[in-house]
Amino acid sequence: AARTTSIDTRTSMASWTSKKWACVSFWVFLLVYVYLESRVVLRRTERELRDKEKLLMELERNAKLGLGITQRKLEAKLMALLATKPELKNTKLLQELQGVIRQDKRGFFGEPRFSQAMASNAKQEVRELLYQQLSKNMKKEQKKALKTEAMHRIRSPPYIWDLFEPLWSCDTDYRVGGAGDGAKWVCDIHTLSPPCRVYSFGLSDFIPFEKDILNLTHCELFGFDPTPGLDLDWHRQLHLPGASFYPYGLSGRDGEISRRKDPYDMEMDWLETTLGPNMFTLRTLMRKMGHRAVDVLKMDIEGGEWSVLNNIFTDCANIPEGLRWLLVEVHLWHTELEEVISVFSKIEACGFRLYHKEPNLYSSEVTYSAPCCVEYAWIRMA
């Protein structure tokens with residue numbers, strides 16, 4: 001009997017121990033399962049939050065930049081998010097996302113600064129806001145052209161001119177000089193009135209701009225051309241009231257210079273001629289003429305404009321007093337895209353806004369190639 005009792009006791013203890021370990025195993029398994037499942041849920045939640053934050057940031061970025069072209073794409077993303085995560089409905093995050101989308105629908109033109117400027121009829125401020133908005137996109141294209149090998153062709157005419165578009169708007173835009181070559185577009189010419197002064201560099205024997213601007217504004221006009229063999233007496237014999245002509249040239253430095261030949265036109269041998277010693281910087285020439293101020297600076301100097309513009313606009317303090325209109329025919333004969341972007345950026349940094357662009361199609365007729373020359377016009381903000 002005692003032996004039987006001992007066996008029963010051992011059997012009972014073994015059974016209890018087995019149950020104990022089974023219970024412990026169950027709870028350990030349960031804890032591990034809960035832990036692992038919570039980790040999975042946590043990771044999924046973190047991933048969802050990152051996706052939501054990423055979408056919110058994208059929406060905010062597009063709203064700030066006014067990129068209306070992405071509107072449908074953003075709305076589709078939000079709808080897809082709601083379809084997979086219905087728990088987002090009626091939440092604060094959803095309200096934020098919808099608010100940003102509503103702002104994005106209005107885009108740039110719905111921004112408070114633009115709406116306020118329009119409401120107060122502040123034309124100048126509206127123009128500047130539009131200019132800055134458009135300028136961002138233009139500068140992106142310029143940077144892309146500099147960095148991307150695939151954009152190599154845009155470094156030459158006519159594609160290069162697509163990188164420099166007129167982004168400023170005028171109340172009036174008047175073509176001074178009539179039809180054909182030699183004319184220039186002048187923004188808000190009605191604001192140019194005596195006493196005023198015009199400097200015109202590059203005359204040749206064809207001066208429609210000079211004649212027309214004298215008739216329209218009655219400003220003083222000073223014409224300059226150092227081309228060898230050019231008879232300025234012919235210009236003087238026109239007896240234009242308020243006009244005077246001089247055999248001086250504009251350059252990026254004082255003294256004699258050698259003008260390089262135009263590689264596109266085999267007939268223009270005079271471009272190889274040495275010009276001087278009557279070549280001066282704008283500051284030196286104005287001092288020589290006894291002038292402190294000039295209102296309009298017009299240039300058609302066959303490729304010499306790049307050194308001149310660099311000289312004037314590298315330091316905005318070099319800009320003559322009163323200068324408001326800059327009218328230049330630019331030539332891409334010996335100039336790289338990097339220099340063009342640099343010069344245009346310096347002009348803009350000094351407060352000038354590009355308002356007109358006109359390719360010179362006569363250069364295409366002569367050279368049987370893309371236009372190498374383009375008329376550009378800037379006005380300085382008052």
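## Overall architecture

Helices and strands are taken here as DSSP runs, of H or I over at least four residues for a helix and of E over at least two for a strand, numbered from the N terminus. P195, for example, is found in the loop between β2 and β3 (197-201). The model described in this report is predicted.

The protein chain contains 11 helices and 13 strands. Of its 382 residues, 42% are buried. Among contacts with a separation of 6 or more, 67% join residues that are 24 or more positions apart.

## Nonpolar cores

In soluble globular proteins, nonpolar side chains tend to be buried together. In this model, the largest nonpolar core comprises 43 residues, and Y199, F201, M299 and L326 have the most contacts inside it. Helix α10 (residues 337-349) provides the largest share of this core, namely 6 residues. A second core, separate from it, has 28 residues, with M138, C196, C219 and L327 among them.

The surroundings of M299 include both nonpolar and charged residues. Setting aside residues up to four places away in sequence, M299 touches F201, L250, V308, L309, L326, L327 and V328, together with K184, E305 and E329.

## Helix α5

Helix α5 covers residues 123-147. Its 25 residues should span 36 Å at 1.5 Å a residue, and the end C-alpha atoms are indeed 36 Å apart, so the expected and modelled values agree. The buried residues of α5 are V126, R127, E128, L129, Y131, Q133, S135, M138, Q142 and A145. One of these, M138, also belongs to the second nonpolar core.

## Internal cavities

Rolling a probe the size of a water molecule over the atoms shows where empty space is left. A search of the whole structure finds 2 cavities of 30 Å³ or more. The largest has a volume of about 180 Å³. It is lined by 16 residues, of which Y131, Q142, F164, F344 and E348 are the closest to its centre. The elements giving two or more residues to this lining are α5, α10 and β12 (352-359), and α5 gives the most, with 5 residues. By type, the lining consists of 10 nonpolar, 3 polar and 3 charged residues.

The second largest cavity holds about 60 Å³ of space. Its lining is formed by A183, K184, W185, L327, H356, E358, E375, Y376 and A377. At least two lining residues come from each of β2 (184-187), β12 and β13 (373-380), with β13 giving the most, 3 residues. This lining divides into 5 nonpolar, 1 polar and 3 charged residues. L327, part of this lining, is also included in the second nonpolar core.

## F280 and helix α8

F280 is found in strand β9 (residues 279-280). With a relative accessible area of 13%, F280 counts as buried because it falls under the 20% limit. F280 and L250 are 30 residues apart along the chain, yet their C-alpha atoms are separated by 5.3 Å. Apart from residues up to four places away in sequence, F280 touches Y248, G249, L250, S251, R253, D254, L285 and K288.

Helix α8 (residues 282-289) has L282, T284, L285, M286 and M289 as its buried residues. M289 has a relative accessibility of 17% and is therefore buried. Beyond its neighbours within four places in sequence, M289 is in contact with Y199, F222, F224, Y246 and Y248. The C-alpha atoms of M289 and F222, which lie 67 residues apart along the chain, are separated by 9.6 Å. Y248 is in contact with M289 and also with F280. After α8 comes G290, which has a positive phi, near 80 degrees.

## Backbone exceptions

Most residues other than glycine have a negative phi, and most peptide bonds are trans. The peptide bond from P194 to P195 is cis, with omega near -5 degrees.

Two residues to be noted for their phi are S204 and E302. S204 is not a glycine, but its phi is positive, about 55 degrees; this residue lies in the loop between β3 and α6 (208-217). E302, likewise a residue other than glycine, has a positive phi near 50 degrees and is found in the loop between β10 (296-299) and α9 (305-313). S204 is partly exposed, with a relative accessible area of 38%, whereas E302 is buried, at 17%.

Key:
Residues numbered from 1 in each chain as written. Predicted model: local features only at pLDDT ≥ 70, side-chain atom pairs only at ≥ 80, totals over all residues. Heavy atoms only, no water. Core = buried A, V, L, I, M, F, W, Y, C linked by side-chain atoms within 4.5 Å. Buried < 20%, exposed > 50% of the residue type's maximum accessible area, 1.4 Å probe, protein only. Contact = heavy atoms within 4.5 Å. 1 Å grid on protein atoms, 1.4 Å probe; cavity = no way out; pocket = protein on both sides within 12 Å on 5 of 7 lines; lining within 4 Å. Points joined across faces, edges and corners; volume = space filled by probe spheres on them. Expected span 1.5 Å × (residues − 1).
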